[in-house]
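Visitor: Could you take me through this structure one part at a time? I will ask short questions as we go.

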Amino acid sequence: HSKAWEFAYGDYVVSIPSCGQDIVTEGREMHHCVGGYVDKVVAGSTYICFVRHKDTPNACYITCQVHTDGSIGQYYLAYDRYIHTEADRAFKEAFANHLREVWGE
């Protein structure tokens, strides 16, 4: 499902971790538990991707879990806060639609 991670919408872009340490670092910087998901990602039982602002692609913004059926699981800002802006919601909806299309191919 490599096409799943090639997605941008509005001011946001999807980024994928290049290694397990990227996931651990994301969890540390975002103050949530995603670092504990490395084993599940390696086993292929879940996916983790990062949502970034296009103009600051290296700065943490949203961490996203994608289930093996292509549906979005956990989707949090730092400190496990829920998204709250219209732009955040629009991106999540567009990304969810994109994932459904890719997984359905």
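Visitor: Is strand β4 mostly covered or mostly open?
Guide: Strand β4, residues 62-66, is mostly covered, and five of its five residues are buried. Buried means under 20% relative accessible area, exposed means over 50%, and partly exposed lies in between (1.4 Å probe, protein chains only). Helices (H or I, at least four residues) and strands (E, at least two) are DSSP runs, numbered from the N terminus. The model is a predicted one, in which local features need pLDDT of at least 70 and side-chain atom pairs count only at pLDDT 80 or more, while totals for chains, interfaces and linings use all residues. Residues are numbered from 1 along each chain as its sequence is written, and side-chain values use heavy atoms, with hydrogens and water left out.

Visitor: Which residues of β4 point which way?
Guide: Ile62, Cys64 and Val66 point one way, Thr63 and Gln65 point the other way, and all are buried.

Visitor: Which strands pair with β4?
Guide: Strand β3, residues 47-53, pairs with β4 in the antiparallel sense over five bridges. Strand β5, residues 72-76, also pairs with β4 in the antiparallel sense, over three bridges. Two strands count as paired if DSSP finds at least two bridges between them.

Visitor: What are the bridge partners of Ile48 and Cys64?
Guide: Ile48 has Gln65 of β4 as its bridge partner. For Cys64, the bridge partner in β5 is Tyr75.

Visitor: And how many residues lie between the strands in the hairpin of β4 and β5?
Guide: There are five residues between those strands, and in this hairpin Gly70 takes a positive phi near 90°.

Visitor: What does Val66 touch?
Guide: Leaving aside neighbours within four places in sequence, Val66 is in contact (heavy atoms within 4.5 Å) with Trp5, Thr46, Tyr47, Cys49, Ser71, Gly73, Phe95, Leu99 and Trp103.

Visitor: How many residues does the largest nonpolar core have?
Guide: It has 22 residues, and those with the most contacts inside it are Trp5, Val66, Tyr75, Phe91, Phe95 and Leu99. β2, β3, β4, β5 and α3 each supply at least two residues of this core, and α3 gives the most, with seven residues. A second, separate core of six residues includes Val34, Tyr37, Val38 and Ile48. A nonpolar core here is a set of buried Ala, Val, Leu, Ile, Met, Phe, Trp, Tyr and Cys residues joined through side-chain atoms within 4.5 Å.

Visitor: Which residues of α3 are buried?
Guide: They are Asp88, Phe91, Ala94, Phe95, Ala96, His98, Leu99, Val102 and Trp103. The buried residues of α3 pack against β1 (8-9), β2 (12-15), β3, β4 and β5.

Visitor: Changing topic, how many salt bridges are there?
Guide: The structure holds two salt bridges, each defined as a side-chain nitrogen of Lys or Arg within 4 Å of a carboxyl oxygen of Asp or Glu. One joins the side chains of Glu26 and Arg52 at 2.6 Å, N to O. Glu26 lies in helix α1 (residues 20-30) and Arg52 in strand β3, so this pair ties together parts that are 26 residues apart in sequence.

Visitor: Are Glu26 and Arg52 buried or exposed?
Guide: Glu26 and Arg52 are both buried.

Visitor: Where is the salt bridge of Glu86 and Arg89?
Guide: Glu86 and Arg89 both lie in helix α3 (residues 86-104), three residues apart, about one turn of the helix. Their side chains meet at 2.9 Å, N to O. Glu86 is exposed, with a relative accessible area of 58%, whereas Arg89 counts as partly exposed at 37%.

Visitor: How many aromatic pairs are there?
Guide: The structure holds nine aromatic pairs. Rings of Phe, Tyr and Trp (its six-membered ring) pair if their centres lie within 6.5 Å; planes under 30 degrees apart count as stacked, over 60 as edge-to-face and the rest as tilted. The rings of Trp5 and Tyr47 have their centres 5.6 Å apart and their planes at 50°, so that pair is tilted. Trp5 lies in the segment before β1 and Tyr47 in strand β3, so the pair ties together parts that are 42 residues apart in sequence.

Visitor: Which sort of pair do Tyr47 and Trp103 form?
Guide: Tyr47 and Trp103 form an edge-to-face pair, 5.8 Å centre to centre with 75° between the planes.
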